[in-house]
Amino acid sequence: MSNDHPKPFHIAILGGGTAGWMAAIYMQHKWQDKNIHITLIESPDIGIVGVGEGSTPSLKNFFDDVEIAERDWMPRCNATYKVGIRFDGWSSEPGFESYRHPFPSQLDVYSSNGLGQYCHLRRAGFDINPHPDQFFIQSHLAEKNFSPLSADNFPFTNSYGYHFDSGLLGQYLSEVAVDRGVTHIQGEVFEVTQNKNGHLESLLFKNNDSLYADFFVDCTGFSGFLIQKKLAVPFKSFSDNLFNDSAVVMPTAAGEPLRTETISTALSHGWAWDIPLTNRTGNGYVYSSNYCDADAAETELRKKLNCLDSDTEARHLKMKVGRVEKYWSHNCLAVGLSQGFIEPLEATALHIVQVTILEFMLNFEAGGFTDKNRDKYNQIINNRFEGVRDYIVAHYRINSRTDTAYWRDNANNQSLSDSLIGLLNAWTGGLKHDIDQEIARQNIGSYFPLDSWRILFSGYGFFPKQPLKAVNSDPSLFDMAKHRDFIRGCALNYKQQAHQL
Ligand SMILES: Cc1cc2nc3c(=O)[nH]c(=O)nc-3n(C[C@H](O)[C@H](O)[C@H](O)COP(=O)(O)OP(=O)(O)OC[C@H]3O[C@@H](n4cnc5c(N)ncnc54)[C@H](O)[C@@H]3O)c2cc1C
């Protein structure tokens, strides 16, 4: 794309959920000095999916990139800070019934060494406790309900994400986008015209209006109206190793004090999230309809929340888990649920939305509409999807629950990618070719880094059945007592999260 289009380049974004508005704001912000006009179309009759209340730290990058301050958006969206996720009940190994997956911190340079050494020794058969919670500052902050923001004079920083009301976030982003020059149309598109090469040309509305554009962004949610229905890009289901396809959702009162972590609790046929917002707690049970029907899932969630007799209505949703084979096809880019969805266990959907938009903008700027550009781009996003999926699948594969067929089938599932098999083999079989080398060999450290894999495996108490032979003998054992004191001392620089920013 060049800066000197003789006439404006029109981009039509179809869909006004979080994905659509994020795409609109990114493009408007980064291409504001180019001759580009952005229109976002949404149908109030169709509405948004209206779930998705947790993020990874990359959402902070989005707000920083587009210059939206926390003090502006967080109170509007009842948002709280998030330092990580706690996993309760996924493992039945004694001492490992619960663990935390914290977001990174600058202090992790010390913690990672300790966890690495303790895991190494434990896998080699030494009687040592490598539970990950004891190593990381952000796990300690979560336990204390502390915010990730430290005192001004404390020299280390933490990555953090957020919990937020997704409906309010969409509303807030729409106001920002329109304020910054994005045109907003409300209406339902029922047909799309294409030229003889298959490129999309115009959107036809139910009220007989039409809208021409040079480029289209499909943010229509699970329907994939442009990418799947019109351009017929095939959808690759992940159901062979991610069994969950349904969710039931209901809010409860806000907790006190406000937590700074998501809790993910394993239930009979899936898991339940518990997300603290300033005005309520978001809850949902993600389950597989092959093992459990909607009524049973709702009853189990209500029991967990102690509200079997409450009048609060539960909302039931279906999830289409998988991805399209191409995200950028012809002159159309799919972003958000239209491009695919990995179930929300690690709250990665908006992270993928961001990567999808930013990578596209880089590629588009570099060369526009060439097949080579599109192919390269689609491969990058495919790798990201598969990399994230493997980490989620690993949770299910290494679970040690035996109470239901759902958990047993997950633990016995042989439908694993070569990449995941390589990682599992490196962990259970290889102090010579260890997991750090395997991550480096596969070049997958940017999806989930070494710490995340070690935390996952050690958090489940997942170690080789037979001690591994070769040990790199490190003469100095990481001093756990000293490290604990260090973490406690650092934590004095943090305080509990307030209900108001
Ligand atoms: C159970 C569940 C839990 C989740 N948890 C998380 C989480 O914790 N963290 C996370 O990051 N993500 C999570 N997600 C994913 C997250 O909800 C979505 O990624 C996010 O909301 C973006 O959705 P979207 O914008 O792609 O689609 P939607 O919100 O569904 O928006 C679709 C838009 O397209 C419009 N539209 C569709 N068809 C037409 C048409 N023909 N004409 C005009 N307009 C049309 C609709 O009106 C709507 O505006 C979760 C998803 C589910 C299902």
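## Two backbone details

Asparagine 208 sits in the loop between strand S10 (200-205) and strand S11 (210-212). Its phi is positive, at about 80°, although asparagine 208 is not a glycine. These are values from a predicted model.

A second loop is also worth a look. The loop between strand S14 (246-253) and strand S15 (261-267) holds proline 257. The peptide bond that leads from glutamate 256 into proline 257 is cis. Its omega is near -5°.

## Ligand shell

The ligand is surrounded by 32 residues. Gly16, Ser43, Val51, Gly54 and Leu337 are the closest of them. Sorted by class, the shell has 17 nonpolar residues, 12 polar residues and three charged residues. Two helices each supply at least two shell residues: helix H1 (18-30) and helix H9 (349-367).

## Ligand contacts with the backbone

Glycine 54, one of the closest shell residues, also makes a polar contact with the ligand. One of its backbone N or O atoms lies 2.7 Å from a ligand nitrogen atom. For glycine 47, a polar backbone atom is 3.4 Å from an oxygen atom of the ligand. Cysteine 219 likewise places a polar backbone atom 3.3 Å from a ligand oxygen. On its own, the ligand has 1000 Å² of accessible area, and the protein covers 96% of that.

## Second largest pocket

The second largest pocket holds about 590 Å³ of space. Its lining counts 31 residues, and those closest to the pocket centre are Thr56, Pro57, Phe103, Pro104 and Tyr447. By class, 15 of the lining residues are nonpolar, 10 are polar and six are charged.

Several elements build this lining. Helix H2 (58-65), strand S5 (98-102), helix H9, helix H10 (371-397) and helix H14 (450-459) each give at least two residues. Helix H9 thus serves the pocket lining and also the shell around the ligand. Two domains take part as well. Domain 1 (9-53 + 165-239 + 322-366) and domain 2 (100-158 + 417-491) each contribute at least three residues to the lining of the second largest pocket.

## Enclosed space

How many cavities of 30 Å³ or more are there? The count comes to one. The largest cavity has a volume of about 40 Å³.

The residues lining the largest cavity are Gly387, Asp390, Ile444, Tyr447, Phe448 and Trp453. By class, four are nonpolar, one is polar and one is charged. Tyr447 appears twice in this report: it lines the largest cavity, and it is among the residues closest to the centre of the second largest pocket.

Conventions
Residues numbered from 1 in each chain as written. Predicted model: local features only at pLDDT ≥ 70, side-chain atom pairs only at ≥ 80, totals over all residues. Heavy atoms only, no water. Near = heavy atom within 4 Å. Polar contact = N/O pair within 3.5 Å; in protein donor to acceptor, adjacent residues only side chain to side chain. Areas by Shrake-Rupley, 256 points an atom, 1.4 Å probe, with all protein chains shown as cover. Helix = DSSP H or I, 4+ residues; strand = E, 2+ residues; numbered from the N terminus. Nonpolar A, V, L, I, M, F, W, Y, C, P; charged D, E, K, R; others polar. 1 Å grid on protein atoms, 1.4 Å probe; cavity = no way out; pocket = protein on both sides within 12 Å on 5 of 7 lines; lining within 4 Å. Points joined across faces, edges and corners; volume = space filled by probe spheres on them. Domains from an automatic or database assignment.
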